[in-house]
Amino acid sequence: MRVKEGFIRVTGGNVWYQIHDKHTDKTPVIILHGGPGSSHYSLQGLKVLSEDRPVIFYDQLGCGKSDRPEDTSLWKIERFVEELVQIRTELCLDKVHILGHSWGTTLAAAYILSKPAGVESIIFSSPCLSAPLWAKDQDRNRKQLSKEVQATLQACEENGTTDSEEYKAATAEFNKHFVCRLDPLPTFLKQGGQYKNPAIYNIMWGPSEFHVTGNLKNFDCTSQLKEIAIPTLYTCGRYDEATPESTEYFSSLTPGAKFHIFEKSAHMSYIEETDEYLMVVRDFLRNADYSS
């Protein structure tokens with residue numbers, strides 16, 4: 001196995017990347033991590049896909065091992081799309097599969113709808129393709145929490161105290177239900193906090209998964225999903241904040257798309273049901289190779 005890493009100059013600074021390659025001639029897959037302002041850290045287990053094809057990780061500007069510029073004008077989806085273009089160009093990725101997770105699917109959709117050449121398939125893993133629909137889904141999810149937790153969330157949001165310890169504790173209860181249901185959380189996940197940049201998350205999304213106030217709050221590409229003309233896979237967990245209902249709806253809008261639910265997972269099925277996740281992704285990519 002060959003592992004190569006380095007930095008690529010993009011608009012606003014330098015972005016860290018890493019390539020896992022077993023010297024195969026199969027089309028590589030590039031991983032778009034969640035956030036915004038998270039990193040590839042929790043997705044690193046997907047490197048085992050390199051048994052079939054090169055796997056490319058990168059930390060989007062502002063987080064992980066990449067530069068952290070203080071220019072807040074950089075934190076908009078258009079620049080992240082431009083960043084992906086620059087990465088593909090620098091790494092000579094003429095052909096590529098794309099796997100996006102969470103916010104990574106938002107970025108993947110914005111990118112693919114710009115009609116780039118050479119994208120052979122796309123995976124929307126726990127997708128957020130309509131921020132307004134996401135917000136409605138989370139309103140329903142919140143109602144499944146205890147009355148006390150619901151009251152704390154509402155009071156903090158109304159009072160502007162979403163940075164309080166009470167709000168963080170209530171958010172943690174939401175996360176246990178709809179983000180990762182493993183108890184206890186894997187140790188390595190807890191160690192990944194150092195790679196996040198909450199400032200980007202707040203600017204683009206908001207103070208929590210379910211309170212959308214940032215510059216993505218009106219993002220909605222559902223009317224354009226019919227334009228995707230390459231093999232497409234939508235996945236989510238049964239208890240995912242990216243709900244099965246919405247994920248299946250997105251799938252229904254994309255011609256010929258595949259849809260899969262991980263029955264024991266919330267939002268992190270690649271960790272909660274690793275073996276099945278890898279099997280589903282591998283099978284899809286192999287079929288996409290065959291059909292291209």
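**Strand pairing, backbone geometry and cysteines in the predicted model**

Ile 30 stands opposite Ile 56 in strand β4. This pairing belongs to a predicted model, in which β3 (residues 29–32) and β4 (residues 55–58) run in the parallel sense and are joined over two bridges. Strand β3 also pairs with strand β5 (residues 96–101), again in the parallel sense, over four bridges. Within that second pairing, Val 29 is placed opposite His 97 of β5.

In a regular strand, side chains alternate between the two faces of the sheet. For β3, both faces are covered: Val 29 and Ile 31 on one side, and Ile 30 and Leu 32 on the other, are all buried.

Strand β5 contributes Ile 98, a residue that is buried, with a relative accessible area of 1%. Leaving aside residues up to four places away in sequence, the contacts of Ile 98 include Val 29, Ile 30 and Leu 32, the residues named above in β3. Further contacts of Ile 98 are made with Ala 108, Tyr 111, Val 119, Ser 121, Ile 122 and Ile 123. By contrast, Asp 67, which is 31 residues from Ile 98 in sequence, lies 23 Å away in space, C-alpha to C-alpha.

Two cis peptide bonds may be described in the loops. One joins Gly 35 and Pro 36, with omega about -5°; Pro 36 is part of the loop between β3 and β4. Another joins Asp 183 and Pro 184, with omega about 5°, and Pro 184 is located in the loop between α5 (165–178) and α6 (187–191).

Positive phi values occur in the non-glycine residues Ser 102, where phi is near 60°, and Ser 126, where phi is about 55°. Ser 102 is situated in the loop between β5 and α2 (103–112) and counts as buried, because its relative accessibility of 10% falls under the 20% limit. Ser 126 occupies the loop between β6 (119–125) and α3 (131–142); at 0% relative accessibility, Ser 126 also counts as buried.

With respect to the cysteines, the structure holds zero disulfides. The sulfur of Cys 221 has its closest cysteine sulfur in Cys 128, at 9.0 Å, which is too far for a bond, given that a disulfide requires the two sulfur atoms to be within 2.5 Å. Cys 221 is buried, at 2% relative accessibility. Cys 156 likewise counts as buried, with a relative accessibility of 7%.

Notes: Residues are numbered from 1 along each chain as its sequence is written. This is a predicted model: local features need pLDDT of at least 70, side-chain atom pairs count only at pLDDT 80 or more; totals for chains, interfaces and linings use all residues. Side-chain values use heavy atoms; hydrogens and water are left out. Buried means under 20% relative accessible area, exposed over 50%, partly exposed in between (1.4 Å probe, protein chains only). Two strands pair if DSSP finds at least two bridges between them. Contact means heavy atoms within 4.5 Å.
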